[in-house]
Amino acid sequence: MNHLISIEDLDRAAIERILDRAESFAEIAGREIKKVPALRGRTVVNLFYESSTRTSSSFELAAKRLSADVVSVRSTGSSVEKGESLRDTVQTLSAYEPAAIVIRSPHAGAARLLAGWTDASVVNAGDGKHEHPTQALLDVFTLRRRLGRLDGASIWIVGDVLHSRVARSNILAFQRMGAKVTVCGPPTLLPRGIEALGCAATPTLERLGEADVVYVLRMQRERMQEAFIPSLREYAERYQIGVGRLRTGQLLMHPGPVNRGVELSADAIDSPVSLIGEQVRAGVAVRMAVLYELLVGAAAPAVAA
Amino acid sequence: MSPEIALNRAAGAAPADLLIRGAHLLDPRAGLDEPRDVLIRGGHIAELTLPDTLAPVAGVAELDGTGRHLFPAFVDPHVHLRTPGQEYKETLESGTAAAAAGGFCQVIAMPNTDPVVDEVSVLRSLVDAARRQARVPTGFLAAITVGLRGEVLTEMAALRDAGALGFTDDGKPVVSAGVLRKALQYQRLCGGVVALHEEDPALSGAGVMHEGAVSARLGLAGIPSLSESTMVARDAALARYEDARVHFQHLSCVESVEALAAARAAGARVSGETTPHHLTLTDELVRTLDSRFKMNPPLRSEEDRRALIEALRTGVIECIATDHAPHARHEKEVPFEQAPMGTIGLETAFPALFTELVMPGMLELEVVIERMTAGGALYGLPIPRIAPGEPANLVLVDLEASFEAGADGYVSRSANCCFHGRRLFGRVQLTVADGAVAFGREALSQQPLSVR
C-alpha cells in the first residue's frame, strides 16, 4: 500500500493490522520518552488547505514521535495564498523528497490527484465532503478498545450527513468491521442515494434505542445560510443528543469540534458514556500506525520500540 | 435569408477532383448501402457507379476505398470554438480542423465567448475570421440575451441579418420564463431557432455531477435530472403557447426525453439533441474523480443512457451534437469540484458511438449516420447527401481500424477528452467538406491529394 486515500483502500485485515500497530504505539505514549526511530531521516510534509486543530496537530505529533522531519504548510501565509496551483505547490514540495505528504483539502479528490503527481506516499487528511479515512480508523480503534469487536454492533450516525466526509469514511469503515450502520438526520441533510453504501437511513430518532453507539456529527453553522434547516433551535429540538435521549449502555462519539448546545448537550459531552476524549487521544497513535504502514511497510514486524 | 450566407464556407479551399474506388457507401436517406465508385469533379459528386466501371479520369486523383465505408459527412450543431477571447483553449482554425479530423463537414459555434456574440459587430468579425481560418464551413448562433445575463433580448433581427443561424444562451439557461417568452414572440419577426440549455439553477445549485448514489458516495453536490427536465417541460409549454420553434440542447436524462416526447405529441414545434458522451458513459466514471468526466449537463445513470439511445432510435431526439467544449490542461488539472465543465468531442464522436453502441448491437449504424448528419437541418442548412450533383460532403471511415483516443494527441488545442485512453474503432480516414478535402490521414498522403 502506497497511499491512504479512501477507506476503500483497506480491507478488514489491513484495518486490523494498522489498529494492532496503533495499540503498540499507544503504549509508547505512556512512556517518558515518547519517540521511536522508525522514520529517522525521512521527511513528512503536512499540507493543510483547511483549518484544522486536532487532525493537523496529531499528524504532526505522529510524524515527530516516529522521528521524521516534519514540514507543515498551511494555505494562509504560504504561496497558496498567492494563487499557486495545487500541482505547482506539490511539485515545489516534492523537491524536498518527502517520504509522505499529508493533505487536507476542501475539495474531493485532491489527495488522489496528488498521488499521481508525487513519488511520496499520500495520506488523505480530509478531502472535501468525500473522505477522512484516518478519522474513521481512530474511531474504529476507540470503539474496538471499548467493545472488543464491532461485529453485529448497531451504530447510528446522526446529523448533517450530506456535508460530512467523516460520515462517508465511517459508514464504510464500520461496515467493513462488521457493524450495522444507520444514518439519521433532517431529510435535507441526508444525501439522496446514501443507502447505496449499504446503510439504513431515517429522518427521526424514534428508533435510536436500537443503537449500541451513537455517533454525532458536527452541525456546521454555515449551513444555516443555505437554509438546509429552518433554525438551529428546531434542529436541536429534534436531533440534539443529550443524556436524556440515550439509554443505559449506549456509547457516544463525536469527531469534534463540538457545537455545545447544538448537536450535543453539555451534559452528554461530559458524561461517562462519551468517548470523545478517547477519540482525540487515539488520533496520534493511529496516525503513527498509518505513517508506519505506508512508509515502513505492512510486512515489518510489530514495532520493536 | 439564405443559409449559404450564414454558413460561411471554408475559405479558399480548392474544389476537389477525386475518384474514390470501391468504398461501401452508406447514406440511409438516399437509400444507399452498397459498394460504389464515387467521382468528385469540381467539388461536386459527378458520378456514382458500380465498382470498377469508371475509367481513370485525367487529372483526377484516385483513392482506393476498398474495405472502407463512405458516409455523408457529419454535421455538429453544437461546438465551442472559444473564439473570441479564449484562444488558448481553441481557435477557429484548431476547432474546425478537429471537426474535419472527426469527419464533420459543418459545425455550428456557440456564442458564449468573450465578448459574447450578442452584437452584430462581434458576429461580423467572427464570420469574417471563419472565412479566412475555418477548415470546414462554420455557422454561428447569437445570444438570446445581452451578455447571456437572461435579462434583455439581443438585437435578434439585426443579428439574423448579419448571419446568425439562430439563438442560444448556451452554457446558461434563460431562467426567466418572461424573458424567454419575449424571445419566442420576437422570433416571429426575425426567424431563427431558439436553442436552449435547460437547467434550473435553483435545483442544480452548486452541483458538479449527477445527483444519485455516486454523488452521495463522493460527497459531491448533485445536479438532479429534474433541474433539466422541469425546464424542458416549462419551455415546451411556452413554445406551444407562442407557436415558436425551440430546440433543446444536450438532453441528458429520461425525464427530459419524456417531456420532449409529450410536448411534441401535443403539437409543440420542438426538437432535441444529445451527445456522444451522454449516449455512451455514465456517472459511475465520476468515481475516479477525474475532471475529464465533468461536464454540464453531467453524465447520468445507465437508465438515462438507455432512454437517450432509445429516443435516438425512435427519432424523439433527432440529432447528435458533441458539445465540444475545450479547456486548457491547467484548468482541468485541479480537484473535480474546481474544474470547469466540458469535454472535447469532435475527434471521437463517431468512433465512440460506433464502438460503444453499434458494435455491441445497441444501435444501428444507419441511425447513427442519420442522427450525426441531421444537426444543421434544424437551423435551415441542407443535409449532406451522397447523390450526383450534390456538393461533396463525405467521410471515409475504416470501421475495422482502431486507435487509442488521445495517444497521438488531439487536433484540438485542448486535450480534455472524456474518451481519452479508450480503444475506439471506426477511424476517420478522409473528410471532404463542401467539395474540398478538409482532412486526410497520413496513410493517404502518398496519394496525390491536396489537403488543406
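Among contacts in chain A between residues at least 6 apart in sequence, what percentage join residues at least 24 apart? The figure is 74%. The model is predicted, and the values below are computed from it.

**Chain A as a whole**

Chain A holds nine helices and nine strands. Its radius of gyration is 19 Å, close to the 19 Å that the globule rule gives for 305 residues, so chain A is as compact as a globular protein of that length. Along the principal axes, its C-alpha atoms fill a box of roughly 55 × 45 × 35 Å. Of the 305 residues, 48% count as buried.

**Two domains in chain A**

The domain assignment divides chain A into domain 1 (7-131 + 282-295) and domain 2 (133-279). Domain 1 is therefore written as two stretches of sequence, and domain 2 as one. Taken over C-alpha atoms, the centres of the two domains are separated by 25 Å. Where they meet, domain 1 gives 22 residues to the contact and domain 2 gives 21 residues. On the domain 1 side, the elements giving two or more residues are α1 (12-28), β4 (121-127) and α9 (276-295) of chain A.

**Contact between chains A and B**

Chain A also touches chain B: 21 residues of chain A are in contact with 16 residues of chain B. On the chain A side, α3 (86-94), α4 (110-115) and α6 (165-176) each supply at least two residues. The largest share, three residues, comes from α4(A).

The table gives the classes of residue on two contact sides described above.

| Side | Nonpolar | Polar | Charged |
|---|---|---|---|
| Domain 1 of chain A, touching domain 2 of chain A | ten residues | five residues | seven residues |
| Chain A, touching chain B | eight residues | seven residues | six residues |

**A sheet in chain B**

Chain B has an open sheet of eight strands with parallel pairing. The strand order is β6-β7-β8-β9-β10-β13-β14-β15. Which strands lie at the edges? They are β6 (74-79) and β15 (319-320) of chain B, each of which pairs on one side only.

Within this order, β7 stands next to β8. Strand β7 (residues 104-109) of chain B and strand β8 (residues 138-142) of chain B run parallel and are joined by three bridges. At one position, B:A109 stands opposite B:F140 in β8(B).

How values were computed
Residues numbered from 1 in each chain as written. Chains lettered and ligands numbered in written order. Predicted model: local features only at pLDDT ≥ 70, side-chain atom pairs only at ≥ 80, totals over all residues. Helix = DSSP H or I, 4+ residues; strand = E, 2+ residues; numbered from the N terminus. Rg over C-alpha atoms; globule rule 2.2 N^0.38 Å. Buried ≥ 20, exposed ≤ 12 C-beta atoms within 10 Å, placed from the backbone. Contact = placed C-beta atoms within 7 Å. Nonpolar A, V, L, I, M, F, W, Y, C, P; charged D, E, K, R; others polar. Domains from an automatic or database assignment. Pairing = 2+ DSSP bridges.
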